Amino acid sequence: MSRFAVTFDYLCPFARIANEIVIRAQEDGAAHEVEWRAFSLSQVHLEDGAEPVWESDPPPSGVLALLWGLAVRDQFPERFPAAHLAIFSARHDQGRDINDPAVVRAAVASAGLDPEEVARAVAAGYPAKALAADHTWAVETSRVFGVPTFVTDRRAVFVRLMERPATPEAARATLERVLAMVEDWPDLNEFKATAIPR
């Protein structure tokens, strides 16, 4: 068993793929201790000195969904995998606007949660503090610049996978390969295809 963190922003299709792979691998019995860490792509693109996205009202693109995801992660952890995938699905499968409160409410409801309870958790302000903590942790400890990034005790690596897992077994095999490259191959700094063979 290993321990790692994986970053996410619901705006990013590659974060969706990586996070789904981790969840499906866990469903297949992968015994890793996973920390799900929010990382705001909107925050990365702010001008210097601008108000942080977790303090903005209304929140910029993608931040509302992050707040709802973090509320579920921290208050209803047993429902987090389902809600996490439902929010990603609303954005990337259904093409819905995750900046719309009705969309994130429907996503968490589809995961078996009471949207009113999640809304109260968001309104209490703890998810905004969690977003600030997660994003700041990623930047300050590991120089994270995007999602998805896998962070282990040894290093942080931005990983872009192209395909969603066909099966839980395939997800587990992919995750194990990624973790082996991150953990066991410190000489590898960059490995990027010049074109996508499709």
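**View 1. A15 sits in helix 1, which covers residues 13-27.** Helices here are DSSP runs of H or I with at least four residues, strands are E runs of at least two, and both are numbered from the N terminus. This is a predicted model, where local features need pLDDT of at least 70, side-chain atom pairs count only at pLDDT 80 or more, and totals for chains, interfaces and linings use all residues. Residues are numbered from 1 along each chain as its sequence is written, and side-chain values use heavy atoms, with hydrogens and water left out. Is A15 buried or exposed? With a relative accessible area of 0%, A15 is buried (buried means under 20% relative accessible area, exposed over 50%, and partly exposed in between, using a 1.4 Å probe and protein chains only). Leaving aside neighbours within four places in sequence, A15 is in contact with F8, D9, F88, V147 and P148 (contact means heavy atoms within 4.5 Å). Look at V159 too: it is 144 residues from A15 along the chain, yet their C-alpha atoms are separated by 8.9 Å.

**View 2. Here's the sheet: 4 strands, open, in the order 2-1-3-4, with mixed pairing.** Two strands pair if DSSP finds at least two bridges between them. Strand 2 (33-38) and strand 4 (156-158) each have a single partner strand, so one side of each has no neighbour in the sheet. On average, neighbouring strands are turned by 20° against each other, direction ignored. Strand 1 (residues 3-8) runs parallel to strand 2, and the two pair over 6 bridges. One spot to find is R3, whose bridge partner in strand 2 is E33. Helix 1 packs on this sheet and touches strand 1, strand 2 and strand 3 (149-151). The direction of helix 1 makes about 155° with that of strand 2 (axes are lines fitted to C-alpha atoms, for helices over the stretch in contact, and angles run from 0 to 180 degrees between N-to-C directions). Then there's helix 7 (residues 126-142), which lies across strand 1, strand 2, strand 3 and strand 4, at about 105° to strand 2.

**View 3. Meet helix 4, residues 80-92, with S89 along it.** How far apart are the end C-alpha atoms of helix 4? They are 18 Å apart, which agrees with the 18 Å that its 13 residues should span at 1.5 Å a residue (the expected span is 1.5 Å times one less than the number of residues). Plenty of names to spot here: F80, A83, H84, L85, A86, I87, F88, S89 and A90 are buried. The buried residues of this helix pack against strand 1, helix 1, strand 2, helix 3 (63-75) and helix 5. Zoom in on S89, which is buried at 16% relative accessible area. Not counting neighbours within four places in sequence, S89 is in contact with R16 and Q94.

**View 4. Now for the charged pairs: the count comes to 14 salt bridges.** Side chains of opposite charge can pair when their charged atoms come close. The rule used is a side-chain nitrogen of Lys or Arg within 4 Å of a carboxyl oxygen of Asp or Glu. Take D28 and R172, whose side chains meet in a salt bridge at 3.9 Å, N to O. Because D28 lies in the loop between helix 1 and strand 2, and R172 in helix 8 (residues 168-184), this pair ties together parts that are 144 residues apart in sequence. D28 is partly exposed at 26%, and R172 is partly exposed at 30%.

**View 5. Here R105 forms a salt bridge with E116, and their closest N and O atoms are 2.1 Å apart.** R105 is in helix 5 and E116 in helix 6 (residues 115-123), 11 residues apart. R105 has a relative accessible area of 25% and is partly exposed; E116, at 39%, is partly exposed as well. Elsewhere, salt bridges that share partners join R3, E33, E35, R37, R73, D74 and D134 into one network.

**View 6. Finally, the largest nonpolar core, with 66 residues.** Such a core is a set of buried Ala, Val, Leu, Ile, Met, Phe, Trp, Tyr and Cys residues joined through side-chain atoms within 4.5 Å. Which residues have the most contacts inside it? They are F8, Y10, I98, V118, L131 and F150. Helix 3 gives the largest share of this core, 9 residues. Try tracing L131: leaving out residues up to four places away in sequence, L131 touches A38, S40, V53, W54, V63, L66, L67 and L70.
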